[in-house]
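Please open the structure in your viewer and keep the selection tool at hand. The tour goes from the whole chain to single residues, with something to select at each stop.

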Amino acid sequence: MKIRTAIFLGCALIGLGGCHRTPDEQRIRNAIGAMAQALEHGQPRDFMAYVADDFTGNDGNFDRAGVHNLLRAEVLRNDKISVTLGPIDIELQGDRAAVHNTATFTGGAGDFVPERGAVYTFTSGWKREGSKWLCYNATWQQKL
């Protein structure tokens with residue numbers, strides 16, 4: 001009888017573990033982290049996996065293709081890019097989210113001291129598509 005109970009409890013725990021779902025806020029944070037890693041690894045295509053097809057940026061000055069071109073140019077311009085994310089504030093509203101964050105970017109030839117650097121603030125809109133969150137709108141401004 002004890003073996004049967006242990007098997008039942010084991011199956012129940014495995015079943016409960018499968019029901020665990022990452023909260024939406026954490027999914028957005030994970031997406032932003034993956035975007036930063038994609039830049040650091042020189043992979044603009046991986047970054048774009050989190051950008052919606054209908055993306056608009058900086059008051060319509062950028063569409064999805066424009067952001068992709070901007071990222072490719074930065075990867076070509078810099079042998080090494082580093083991204084340091086600041087605080088990420090997320091306001092969830094159903095299947096939409098507003099995100100405010102800062103990021104510090106450095107780049108250059110890959111030497112010990114970067115040749116270029118800047119701090120930007122971002123305000124972005126995100127939407128849920130299935131289980132994935134995509135950025136559909138963003139504005140960014142250089143602060144330093």
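What follows is a walk through the chain, its sheet, one of its helices and two single residues.

Before selecting anything, bear in mind that this is a predicted model. Show the whole chain as a cartoon, in which you can look for four helices and six strands, and trace them from the N terminus, where the elements come in the order α-α-α-β-β-α-β-β-β-β. If you then switch to a surface view, the accessible surface amounts to about 9200 Å², with 55% of that belonging to carbon and sulfur atoms. Of the 144 residues in the chain, 28% count as buried.

Next, select the strands together. They make up an open sheet of six strands with mixed pairing, and the order across the sheet is β2-β1-β6-β5-β4-β3. At its edges are β2 (62-63) and β3 (80-93), each of which pairs on one side only. Strands in a sheet are held in pairs by backbone hydrogen bonds, and the pairing may be parallel or antiparallel.

Start from the edge strand β3 and add β4, since these two strands can be viewed as a pair: they are antiparallel, with twelve bridges between them. To see one of these bridges, pick D89 and look for its partner in β4, which is H100.

Move on to β5 (residues 116-129) and β6, which also run antiparallel and are joined by ten bridges. Here T121 is the residue to pick, as it stands opposite Q141 in β6. Follow the two strands to the hairpin that links them, where two residues lie between the strands and G130 takes a positive phi near 70°.

For a pairing in the other sense, keep β6 (residues 132-142) selected and add β1 (residues 51-57), because the two pair in the parallel sense over three bridges. In this pair, T56 is found opposite N137 in β6.

Now select helix α2 (residues 24-40), whose 17 residues reach 25 Å from the first C-alpha to the last, close to the 24 Å expected at 1.5 Å a residue. Color its buried residues, which are D24, I28, A31, I32, M35, A36, A38 and L39. Looking down the axis of α2, you will find these buried residues within an arc of 160°, so they line one face of the helix. Bring the sheet back into view, and α2 can be seen lying across β1, β3, β4, β5 and β6, at about 165° to β3. Just beyond the helix, G42 follows α2 and has a positive phi, near 65°.

The next stop is M48, which belongs to helix α3 (residues 44-48). Is M48 buried or exposed? Its relative accessibility is 2%, and therefore M48 counts as buried. Setting aside neighbours within four places in sequence, show the residues in contact with M48, namely R64, V67, H68 and L71. A distance can be drawn here too: the C-alpha atoms of M48 and A38, ten residues apart along the chain, are separated by 9.0 Å.

Finish at N101, in strand β4 (residues 96-108). With a relative accessibility of 10%, N101 counts as buried. Apart from neighbours within four places in sequence, N101 is in contact with L85, P87, I88, Y120, T121 and F122; among these is T121, the residue already seen opposite Q141 in β6.

Terms used: Residues numbered from 1 in each chain as written. Predicted model: local features only at pLDDT ≥ 70, side-chain atom pairs only at ≥ 80, totals over all residues. Heavy atoms only, no water. Buried < 20%, exposed > 50% of the residue type's maximum accessible area, 1.4 Å probe, protein only. Contact = heavy atoms within 4.5 Å. Pairing = 2+ DSSP bridges. Areas by Shrake-Rupley, 256 points an atom, 1.4 Å probe, with all protein chains shown as cover. Expected span 1.5 Å × (residues − 1). Arc of directions from axis to C-beta. Axes fitted to C-alpha atoms, helices over the stretch in contact; angles between N-to-C directions.
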